[in-house]
Amino acid sequence: MRRPRRWWGKKSTPAKVETYTRWSFHFFGVIEILVIVLTGVEQGGARPAAGASLVIAAHASLCMLVASRSLDWTLGRRAQPVRLLWGLAGLTSVIAVGAIGVAERGPGGDAVDTVAGTTFSVVLCFGAGIMALGVRNRLRVAAVVGGFALGAGVVSFPMGVPGLAALVMACAVLVGAAFMAFTSVFSVWLLNAVYALDEAKETRTRLAVAEERLRFGRDLHDVMGRNLAVIALKSELAVQLSRRGRPEAVEQMIEVQRIAQESQREVRDVVRGYREVVLEVELAGARGVLSAAGIDARVTGETAGLPAQVQSALGWVVREATTNVLRHGNAQKCSVTVRLSEGRVVLTVENDGVAEASGAGTSGGGSGLAGLRERLSAVDGSLETGSPGKGVFRLTAEVPLPPAAATVLEAAS
């Protein structure tokens, strides 16, 4: 059982939806065969049921192949299976005409008539439904459904089927084929929507990163733009004064050196501010990101009064843990708790939806977690990961507080 779970757990949500959709259409082929077998068994016609089952098996196999290729085409992975679609249409028509011929002009008997009639209806409904996967335009889907229904009525007349019976048969094929075609079209739409949402999530992440880079670039431009302009002007002035032998050139170069050193300090401040993380801001961001992803996020605890270095270390833990929750598994709930315990700040992140063999749930050796341990070790902190229950992953970070800060916070609490 572990291998199927591992195989399923490694798939992304869109890939899981695609696998479910693909195998659902494959299962339609199994249903098509079972309908004929069960009908023959019920009617007591073993021989006609066996013969019809072989024909239906060939038709179902072609339907499975067409469904698989058509789904690949809708996802842009291969060309439209035009030949297979025409082949399915031809085989469906041949089987349907043959079934009517057997029912009207073949060996008599209720079992033969029932099996032939069921075969006629089943192949037309399933054939039209599967062919709807391979066409993109709604009018073409309607034409396929209407064409099969009309063909069912028209073919019945030369075979000696009464007019009312032919009309009822055509209406039954129309309803069944329309239902199958709607199922196919809706499944394709749902699959494309899931992939589009997944792509939109990735795009949103990239846009957030790009926006942060733009903000950092603006800050650097504001700091360096003015100073570099002043340095350029004073350097040019120093050159002109030096060519004239004026002693003021030395003062101008000293000023250029001072501005350059000041620029270095300001750049370091900008980078330090960019790298520093505020725990309260990260907790609010984690709640917003998790909620946007459809995860029930619960954030509890107070962060006021915590030293800046403690907030920065734990803020990185929240950021990395939130990223892992979004990337690994299919979490439905996630809780983030900050509490004081015996002079230490304890941050706990716990989520469900973790696969049994997932690296996020069973291993703490990832590069992200290794980086967190390095950050926490700088403030004498520790990081523990584990699974307290089936499908649950818990990350716990502890950072000791300076004695003065611990006393103040415990008194306030």
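Glu 302 is exposed, with a relative accessible area of 67%. This residue sits in the loop between β1 (296-300) and α10 (308-327). Along the chain, Glu 302 and Thr 337 are 35 residues apart. In space, their C-alpha atoms are 9.0 Å apart. All of this comes from a predicted model.

**The chain as a whole**

The chain has 413 residues, and 37% of them count as buried. Its secondary structure comes to 13 helices and 5 strands. The accessible surface is about 23500 Å². Carbon and sulfur atoms hold 60% of that surface. Now take the contacts between residues at least 6 apart in sequence: 71% of these join residues at least 24 apart.

**Four residues, side by side**

The table sets Glu 302 beside three other residues.

| Residue | Place | Relative accessible area |
|---|---|---|
| Glu 302 | loop between β1 and α10 | 67%, exposed |
| Asp 380 | loop between α12 and β4 | 60%, exposed |
| Thr 119 | helix α5 | 5%, buried |
| Ser 70 | helix α3 | 0%, buried |

Why does Asp 380 count as exposed? Its relative accessible area is 60%, and exposed means over 50%. The loop that holds Asp 380 runs between α12 (367-377) and β4 (382-386). The backbone of Asp 380 has a phi near 60 degrees. That is a positive value in a residue other than glycine.

Why does Thr 119 count as buried? Its relative accessible area is 5%, and buried means under 20%. Which residues does Thr 119 touch, not counting residues up to four places away in sequence? They are Ile 36, Ala 52, Ile 56, Ile 95 and Ala 99. Take Ile 95 from that list. Thr 119 and Ile 95 are 24 residues apart along the chain, yet 8.0 Å separates their C-alpha atoms.

Ser 70 has a relative accessible area of 0%, so this residue is buried. Leaving aside neighbours within four places in sequence, Ser 70 is in contact with Pro 81, Leu 85, Leu 133 and Gly 134.

**The nonpolar cores**

The largest nonpolar core has 41 residues. Phe 25, Leu 88, Phe 120, Leu 124, Ile 130 and Met 131 have the most contacts inside it. Two or more residues come from each of α2 (13-43), α3, α4 (82-105), α5 (110-131), α6 and α7. Which element gives the most to this core? Helix α5 does, with 9 residues.

Phe 120 shows what such packing looks like. Setting aside neighbours within four places in sequence, Phe 120 is in contact with Ala 96, Ala 99, Ile 100, Ala 152, Met 169 and Val 173. Ala 99 is also one of the residues that Thr 119 touches.

A second, separate core has 34 residues. Among them are Ala 313, Leu 347, Leu 369 and Leu 383.

**The second largest pocket**

About 370 Å³ of space lies in the second largest pocket. It is lined by 16 residues. Closest to its centre are Val 135, Arg 136, Val 185, Val 188 and Trp 189. Three elements give two or more residues to the lining: α3 (46-74), α6 (138-156) and α7 (163-243). Helix α7 provides the largest share, 8 residues. How do the lining residues divide into nonpolar, polar and charged? There are 12 nonpolar, 2 polar and 2 charged.

Note on methods:
Residues numbered from 1 in each chain as written. Predicted model: local features only at pLDDT ≥ 70, side-chain atom pairs only at ≥ 80, totals over all residues. Heavy atoms only, no water. 1 Å grid on protein atoms, 1.4 Å probe; cavity = no way out; pocket = protein on both sides within 12 Å on 5 of 7 lines; lining within 4 Å. Points joined across faces, edges and corners; volume = space filled by probe spheres on them. Helix = DSSP H or I, 4+ residues; strand = E, 2+ residues; numbered from the N terminus. Nonpolar A, V, L, I, M, F, W, Y, C, P; charged D, E, K, R; others polar. Buried < 20%, exposed > 50% of the residue type's maximum accessible area, 1.4 Å probe, protein only. Contact = heavy atoms within 4.5 Å. Areas by Shrake-Rupley, 256 points an atom, 1.4 Å probe, with all protein chains shown as cover. Core = buried A, V, L, I, M, F, W, Y, C linked by side-chain atoms within 4.5 Å.
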